[in-house]
Structures are given as C-alpha cells and as structure tokens.
Amino acid sequence: MMDNLISSVRSAIKEVFGDGWEVTKIDFEGPFVVLYTKNMELVANQPELIKMLAMKIHRRVVIRPDPEIMMPEDDAKELIYSKVPKSAEITDIYFFKDDGEVVIEAKNPLEVRGENDKLINEIKKNIGWLPVLHRTPPLKSKIVDDINALLRLVREERKKFLNDVAKRISRPRLSEEGEGMKRERILRLTALGGYQEVGRSAHLLMSNESKVLIECGYDVGNGALPYLNMPELLPIDSLDAVIITHAHIDHSGILPVLFKYNYDGPVYCTPPTRDMMTLLMLDFIKVNQNEGGKPLYNSEHIRKMLKNCIAINYSETTDITPDMRLTFHNAGHILGSSITHIHYGDGEYNIVFTGDFKYEKTWLFNPATNKFPRVETLVMESTYGGYKDIQPSRADASSMLTSIIKRTMERKGHILIPVFAVGRSQETMLVFNDAIKNNEMEPIDVYLDGMIYEATALHANYPEYLNSNLKVEILKNNDNPFLKPYFKMVENSAMREKIINDESPSIVLATSGMLNGGPVMEYFRNWCSDEKNTLVFVGYQAENSMGRKIQRGISEYAYMDKNGEHKTIPVKMAIETCDGFSGHSDRNQLINYVAKMEPKPRMIILSHGDPHKSHELAVTLRNKFNIEVKTPSNLETVRLL
Ligand code: ZN
C-alpha cells in the first residue's frame, strides 16, 4: 500500500516539476508527506509549486534536506547569527539531525523571516538545514517548557506513530473494494454525552469507512463520563481519530482515559488547546487527589496523549481518515478554541461542530467563524439558548467593572475577583489595561493567584490566536498587554499574606471561580468583614456553589479553620456582579450566528444546553429559518447520509 502511495507522489512531483527536481526519499508522517532533497534552493524559490503539489496529492507537504547537504552544526549556527539582525533577539538555536531541522528560538521571529520570508529562505539555502521558527515564550511557563521537553524526548517514538497514522489514513476505502459492489455512502452521528445537558460532551461521527470521536468531556458537577462503553465505540482502538474543540474539562477532560484503555490513535487539536488541556488535566488530577478521590487517570496517560497529539492551526485542512478531512476555525470562546469543519467523502457531505463559541468580538478573540465552503449539518451549542438568556455587551460589562474598581479604590479598599484560570481572567486583565491606558483608572497592582499565571503565559505565547487588535499590538508594535508591570504573580503564601495585610488598595484575581476552594478563599476570609472591600463576580456561579450563596447575599460566612474549629465571620464587603463577560454566545448571538452563516445548513442539531434551553432555541431557529432542527438525547443517533 505504501509503495502505491509513494509512486503516486512520485508521479505528482514529476507532473509539477518535470525532471527538474530530485527527491531522494519520501516519508509519511500522519497527515504530512515528507520529501527529502538535495536541492532545497529550487523549492525555496518556488513555494507556489509546493502548494500545487500539495493540492495534487491532497496532503500537506514538508520538505527536508537530504543529510548530505547539511552544513556542520557549529558552522550553521555561526551563519544564522551573522545573517539575522540583532533586533530579532535569538535566544536559542538547536538541531534535530534526523529531521534536518534547526529550531531558531527568537523573541521576534518575524525578523528572522524577513520581508516575504526572504531572509529565512536565504538562510535555508546556505545552511542546508530546514529552519523552524519558535517564539521565545515572553512569560516563563513551566507547562510550555515541560511539553516541549517531552515532545523532544518522544520525537523518535512519535515518528513511528505518525507513520502508522499515515498508513491508516491512506488505507484503501472499503466501499471501493470488491467488484460490482455498489458504492454506498453512510454517515451517522451518535450523541454520547452533552446532549440535553451541559458537561461530558462527546459526539461519534461514523461512516461506513471510519469512526471519529469529537470531544471527550467530563461532567465535573455530577461526576459523569460520556457513554464510552457502547458497542459503537468498542474496541477503543477501532477509533480512527479523536478531535478536541477546546481545552475545557467538559470537552476534553476524560481524553486520557481512552489512553488508559489502550487507545493509540491520533488526537487532533490546535497547539494552544494541546497546551491548555494538558495544564487543566494536570490540575484536574491534582484537585482530585487533594480531595481524597481516586483520579480517573494519571500523568502517564496524559503523557501518552501528548505523544499522540497532532496539532493543527486554524485553516490548515488535513486528511484524518480515508474519507474525512478536518479544518479548524476560530470559535472565539477560549484560547485555541475551534469551530470544527469535517468534510466527508468527495464533496458528499459537510458537518460543522461549533463546540463552545462566542459570536461577538471580545477583548481576547475575534467572533466565531461562520463562513465555510459548504455545510450540510451544523451541530451547535445551546447553553444560553433560553428565551431569557440575553447578556449585556462586552463594552457595557467593561465600563461597569471599571466603575466598580474606581469606587472601591476611592474608599481605599481591595477588590477580589474570583475567576477560572482560563479566559475570564485574561479578559479582565485586558479591561484593566485598557482603562489604565485611557486614563480612566489609576495604575494599580493586579495580583494573579492560582493557575492564572500559567494560563496567562499561554495567551502571551500564542498571539496569533488572539483578536486582530491584540495581534497588531503584540506582533507589530511589540506591546504585549499581558507583560505590563502592574500584573504580578503571587508566588507563595508569604507573598499572599503580605498582599492581604497591605493597607493600599489592590486587585486580586484568584481561583477558584465559584469560591469552592483555592487561594480565593484566603483573601475572602480576610477581606469579607471590611465594607471598604469589594467582591466582583465576572463568571457563572452554579447552583449550590459557595459563590452563588454569597452572590445572593449572606450575612455571615461559616468555615472550618486549620485546627478543625468552626468559625463565622460577618460579610460586609460590597458584593457586585458584572454580567456580559461570558465566553458563550447569548441567545441573540446564537441566532445571529445562524442568520449570518454562509452557506445555510440544511439541518441543525443542538447540544450542550439544559433541555428547556435547547428546546426554546430549536423552536426559534425552526420558525425563523425554516430549517430542520433536532434536539437528540444522549445515545440517540441521527443519520446524515
Ligand atoms: Zn468551554
């Protein structure tokens, strides 16, 4: 089979380049075709021919140098330093001999590229190595360091894995085998979790050729897993691929369990989703252990998952099975979140999974993408689909937050904001940054406590995934709002204590977002009895959470101290709620997303919503757009083709 594939690639090369380009070796790595050559110059000068070749063979193409032409490492290093301007600020250069890659880590990678990639192509030509550019993380992040170290460690193992994936993707289609057999097309979607409920999202997309799981979430509130032990899904290694739309635990949290039960296939997600979900999973098992529970998986399973992650950027179309092709688009929900477009067959069917999405430009992201080449079915979240689910705009929410801060600062109080590590914390940071820049607010120390710092480092690390204004600010103007001196990480409990006892006003962003534990509790206990201080909610507070109780207004807070003694403190601090910072679309945004969608889908399937919210949205969408709208329950299957 591989021989056939190699000869078809060879003839495509001949069609595009004639006899003018010699390829010494052809390899397959997951969705990529790797071509080794002694003539890197030819392709460096004609990137459009490589694009043409990629189109012809329906694969992404990677060109690597034949080992014979690679300059000795020390000489290559010297040459790179001499050619690249100082302002690029190179921080590291290292080589991967087997792949012919040299990684250049720089603070300003755009300057290593040069205009229209001129400089990088010249370097490539001279050293005979393939330069790969990495941005030096602007904030030191342990998780990014750990992931990179691991990926370097498993590089060889990964090659074999990627080769196996390539074989699976290229296997002959079943329906093409056998003589005289009618070519039948079947495509079905099974709801395995997160339908008519929020939590444990999991969708199984099955054709007569292949089987793909989209999302693998955990319902933290109810401790529930998706229905993974269904015959449709078993044996687990019959799955071709898993796709993760974004890093939240209710969409990705149970993925390592698949590896615990011997799944060894690929996981497709964006690079920030890979990093962010690793961060959240490690925290998930830590919290689980601290609470005396038995974690559902351990760090070894997370490592296996990382080894099998194939990270794909937005808009990079990739074959994932013999009959399915995947493209991610921005979802505007959290860093790296994706609207997932799957193309089935040869133009037969297209299905879009929104995951969680925001159809409004936020401080962090552009609005979710809703323009596609083709869409037959839209599988859409309906969290805020109910008749009453209307939220204030981002602008209103921001000015409300700024005025709360100002009032508290005037009376010399502290401001405490409970937040989840990912999303809302970075968004609030940007609101402060903007207010300070526009002189609407005095510069004030903003402390980040809990996992927020790591999550912020990830945002600073992936500016390409942020909205257009931030991209210009960070990449062109070199002005990264996350690196402002007034944002400070709380490094240890001594520092926390100092902040708590400081007389001058400060803002603290701390986890957990619903005051169910975490460092936020320490601040709350110490600040709640002083009416100068303010507690501001910017995120959703679940029923039964401590946050919801405080939000409703309690006069006393009862807790158990370190010695196991019951204590009560009066709650006198101001309690405020700023709606409008949600990462989900509200009802109007959900409806607008469909209204402005191009092309209009033939069918909409609603998931990720309480039953009455899904139904209320379904009624509206049906009436407004005259489209078939389904609200299946878990374990139901919808036949698409
Ligand atoms: Zn989410």
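Here are some questions and answers on a predicted model, covering its zinc site, a helix pair and a few local backbone features.

User: Happy to start with the metal. Which protein residues are the donors of the zinc ion?

Analyst: Good place to begin. The donor atoms lie 2.2 to 2.3 Å from the zinc ion. Along the chain, the donors follow the spacing H-x1-H-x84-H-x22-D. The residues, with their atoms, are His246 (NE2), His248 (ND1), His333 (NE2) and Asp356 (OD).

User: What is the arrangement of the 4 donor atoms around the zinc ion?

Analyst: The angles settle this one. For a tetrahedral label, all angles would have to lie between 85 and 135 degrees. Here the 4 donor atoms subtend angles of 90 to 166°, which makes the arrangement irregular.

User: How many residues apart are His248 and His333, and where does each sit?

Analyst: This pair of donors links distant parts of the chain. His248 sits in the loop between β10 (241-243) and α9 (249-252), while His333 sits in the loop between β14 (324-330) and β15 (338-344). Their separation along the chain is 85 residues.

User: Is His333 buried or exposed?

Analyst: Buried means under 20% relative accessible area. His248, at 21%, is partly exposed. His333 has a relative accessible area of 2%, so His333 is buried.

User: Now the helices: at roughly what angle do α20 and α21 cross?

Analyst: Two packed helices are described by the angle and the distance between their axes. Helix α20 covers residues 587-595 and helix α21 covers residues 611-625, and their axes come within 11 Å. The crossing is right-handed. Its angle is roughly 35°.

User: How do the residues of the contact of α20 with α21 divide into nonpolar, polar and charged?

Analyst: From α20 come Arg587, Leu590, Ile591, Val594 and Ala595. They meet Glu616, Leu617, Thr620, Leu621, Lys624 and Phe625 in α21. The contact residues divide into 7 nonpolar, 1 polar and 3 charged.

User: Which residues does Ser607 touch, leaving out those up to four places away in sequence?

Analyst: Ser607 lies in strand β26 (residues 603-607), and its 5% relative accessibility makes it count as buried. Its C-alpha is 6.1 Å from that of Ser382, although the two are 225 residues apart in sequence. The residues touched are Gly194, Tyr195, His203, Val379, Met380, Glu381 and Ser382.

User: On to the prolines. What is the omega of the peptide bond from Leu234 to Pro235?

Analyst: Pro235 is in the loop between β9 (211-214) and β10. The peptide bond leading to Pro235 from Leu234 is cis, with omega near -5°.

User: And what about the omega of the bond from Glu598 to Pro599?

Analyst: Pro599 belongs to the loop between α20 and β26. The bond that joins Glu598 to Pro599 is cis, and omega is near -15°.

User: What is the phi of Arg200?

Analyst: Arg200 lies in the loop between β7 (187-193) and β8 (202-207). With a relative accessible area of 11%, Arg200 is buried. Phi is positive here in a residue other than glycine, with a value near 40°.

User: Is Asn626 buried or exposed?

Analyst: Asn626 is in the loop between α21 and β27 (628-630). Its phi is positive, about 55°, although Asn626 is not a glycine. A residue counts as exposed over 50% relative accessible area. Asn626 has 73%, so Asn626 is exposed.

Terms used:
Residues numbered from 1 in each chain as written. Predicted model: local features only at pLDDT ≥ 70, side-chain atom pairs only at ≥ 80, totals over all residues. Heavy atoms only, no water. Axes fitted to C-alpha atoms, helices over the stretch in contact; angles between N-to-C directions. Helix = DSSP H or I, 4+ residues; strand = E, 2+ residues; numbered from the N terminus. Left-handed = near helix turned anticlockwise from the far one by under 90°. Contact = heavy atoms within 4.5 Å. Nonpolar A, V, L, I, M, F, W, Y, C, P; charged D, E, K, R; others polar. Donors = N, O, S within 2.8 Å, 3.2 Å for Na, K, Ca; no water. Tetrahedral: all angles 85-135°; square planar, octahedral: opposite > 155°, others 65-115°. Buried < 20%, exposed > 50% of the residue type's maximum accessible area, 1.4 Å probe, protein only.
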